[in-house]
Amino acid sequence: MKKQIKLLLVAGARPNFMKIAPLIWTIRTHNKESAEKSLIDYCLVHTGQHYDEKMSAVFFNDLNIPKPDINLEVGSGSHAQQTARIMAAFEPVCLKEKPDWVVVVGDVNSTMACTLVASKMGVKVAHIEAGLRSFDRTMPEEINRIVTDALADLLLTPSPDADENLKKEGIPAEKIRFVGNIMIDTLVSNIEKARKSTLPKQLNLNPNDFAYITLHRPSNVDDKDKLTNIMAIIDDLAHQLPVVFPVHPRTRKMLDQYRISNNGKPNLNIIEPIGYHDSLWLTEHACFILTDSGGLQEESTYFQIPCLTLRPNTERPITIQQGTNKLTSLETLEKDFHSVLNCSPLKKNAPAFWDGKTGCRIIEILSES
Ligand code: UD1
């Protein structure tokens with residue numbers, strides 16, 4: 001008899017969508033090619049943590065992800081409110097769908113909330129991007145990572161440092177599988193489309209002659225003095241080369257609240273959030289990147305583009321070992337701008353298993369479970 005397994009795939013916030021997409025493409029192929037042996041049924045649950053068109057729908061279109069089967073529509077709120085709303089809404093879904101596995105990705109509140117619900121119901125949880133640690137518990141994501149990994153039954157890691165972290169935390173080795181970086185699957189599959197982006201034309205950008213900036217972490221944007229200083233430094237940078245800064249809704253809210261404005265300055269493109277292909281074009285062609293995003297640290301490593309990460313730590317140390325990423329601070333930012341603008345091109349291979357085949361490795365493991 002054919003074996004059939006059912007997966008509940010959970011996505012909630014922008015960085016989740018590019019991690020879920022390759023799973024769906026791989027499941028479709030698996031069901032076509034292995035239909036004799038096993039079938040994978042899935043149900044895509046969107047928690048609604050991100051809901052703006054530019055933070056959510058645009059990625060479903062860009063990445064050819066089917067419309068979610070279920071949208072919990074939880075929206076924004078404090079961490080406790082948002083987590084509680086996701087949990088309360090996800091429990092009946094688990095009860096009704098009776099999945100063999102709940103599959104969660106990344107480190108956002110949706111990841112932790114759905115893991116808590118599934119574990120308490122005795123449903124197995126697979127965590128994609130397990131084991132990353134910044135060792136900084138002031139970051140909400142670090143709490144989400146620790147709780148998710150402590151409860152998950154299968155920990156699918158993107159890099160060997162993640163395996164080490166999990167082993168040190170006492171997670172049994174048989175639960176841990178090094179599968180590589182699933183976001184790179186999405187990157188590899190979309191690179192040609194990204195190269196056709198019309199954004200460079202719209203903004204009059206030339207390859208290797210602009211800086212790409214994204215900042216949204218509470219530690220950078222929630223404090224008035226810090227955000228004011230950051231915007232002043234970015235303004236100075238824009239006197240040296242064009243800058244593209246798509247502004248995350250959290251950052252937009254804080255800029256408006258503190259009445260900080262850099263709009264209208266020549267060479268400083270402060271724009272609305274952009275889609276996946278436009279972001280990939282900017283990443284591949286930037287002179288350098290300034291960010292506090294986890295995803296951009298990894299994508300720039302793949303493209304060998306220098307990245308300055310405005311944080312005191314990173315849960316992705318492999319990007320630093322590869323020589324593409326450097327941690328920076330308000331104090332060192334201007335010096336670091338100077339260094340990256342004058343550095344020679346980087347030439348290193350991508351880390352192991354950042355090869356576009358992580359989705360296949362994951363689906364193979366789950367289909368044999
Ligand atoms: C969340 C994740 C963070 C991830 C980021 C990527 C957590 C704890 N944080 O942070 O890890 O890097 O997403 O974007 O899960 N908002 C909108 N429209 C939206 C979504 C949010 O306007 O579609 C605004 C709301 O004012 C909201 C604020 O942004 O209060 C923050 O949203 P939230 O989901 O709480 O956290 P992010 O900062 O987006």
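User: In this predicted model, how far is an oxygen atom of the ligand from an N or O atom in the side chain of Glu141?

Analyst: Glu141 is listed among the closest of the 19 residues that surround the ligand. The pair consists of a ligand oxygen atom and an N or O atom in the Glu141 side chain. Polar contacts are pairs of N or O atoms within 3.5 Å. The distance for this pair is 2.5 Å.

User: How much of the ligand's area does the protein bury?

Analyst: Besides Glu141, a backbone N or O atom of Asn109 lies 2.8 Å from an oxygen atom of the ligand. A polar side-chain atom of Lys253 is 3.3 Å from a ligand oxygen atom. Taken alone, the ligand exposes 740 Å². The part of that area buried by the protein is 90%.

User: Which helix supplies the largest share of the shell around the ligand?

Analyst: Helices α3 (79-97), α5 (140-151) and α11 (249-257) each give at least two residues to the shell. The largest share is three residues, and the helix they come from is α11.

User: How many residues of the shell around the ligand are charged?

Analyst: The shell can be sorted by residue class. Six of its residues are nonpolar and eight are polar. The number of charged residues is five.

User: Why is one side of β3 and of β7 left without a neighbour in the sheet?

Analyst: The seven strands of this open sheet are ordered β3-β2-β1-β4-β5-β6-β7, with parallel pairing. β3 (70-71) and β7 (176-178) therefore each have one side without a neighbour, because they stand at the edges, each with a single partner strand.

User: Which residue in β7 stands opposite Thr157?

Analyst: Strand β6 covers residues 154-157 and runs parallel to β7. Three bridges join these two strands. The residue of β7 opposite Thr157 is Phe178.

User: At about what angle to β1 does helix α16 run?

Analyst: Helix α16 spans residues 358-367. It lies across β1 (3-11), β2 (38-46), β4 (101-105), β5 (124-128), β6 and β7. Its direction relative to β1 is about 130°.

User: By how much are neighbouring strands turned against each other on average in the open sheet of six strands?

Analyst: That sheet has the order β10-β9-β8-β11-β12-β13 and parallel pairing. Its edges are β10 (268-271) and β13 (325-327), each with a single partner strand, so one side of each lacks a neighbour in the sheet. With direction ignored, the average turn between neighbouring strands is 20°.

User: Which residue in β9 stands opposite Ala211?

Analyst: Strands β8 (residues 211-214) and β9 (residues 243-246) pair in the parallel sense. Two bridges make up this pairing. The residue of β9 opposite Ala211 is Val243.

User: What angle does the direction of helix α13 make with that of β11?

Analyst: Helix α13 (residues 294-303) packs on this sheet. It touches β8, β11 (288-291), β12 (307-309) and β13. Its angle with β11 is about 165°.

User: What distance separates the C-alpha atoms of Thr198 and His277?

Analyst: Thr198 is in the loop between α7 (182-194) and α8 (199-203). A polar contact of 3.0 Å joins its side chain to that of Gln202. His277 is 79 residues from Thr198 along the chain. The distance between the C-alpha atoms of Thr198 and His277 is 9.6 Å.

Terms used
Residues numbered from 1 in each chain as written. Predicted model: local features only at pLDDT ≥ 70, side-chain atom pairs only at ≥ 80, totals over all residues. Heavy atoms only, no water. Near = heavy atom within 4 Å. Polar contact = N/O pair within 3.5 Å; in protein donor to acceptor, adjacent residues only side chain to side chain. Areas by Shrake-Rupley, 256 points an atom, 1.4 Å probe, with all protein chains shown as cover. Helix = DSSP H or I, 4+ residues; strand = E, 2+ residues; numbered from the N terminus. Nonpolar A, V, L, I, M, F, W, Y, C, P; charged D, E, K, R; others polar. Pairing = 2+ DSSP bridges. Contact = heavy atoms within 4.5 Å. Axes fitted to C-alpha atoms, helices over the stretch in contact; angles between N-to-C directions.
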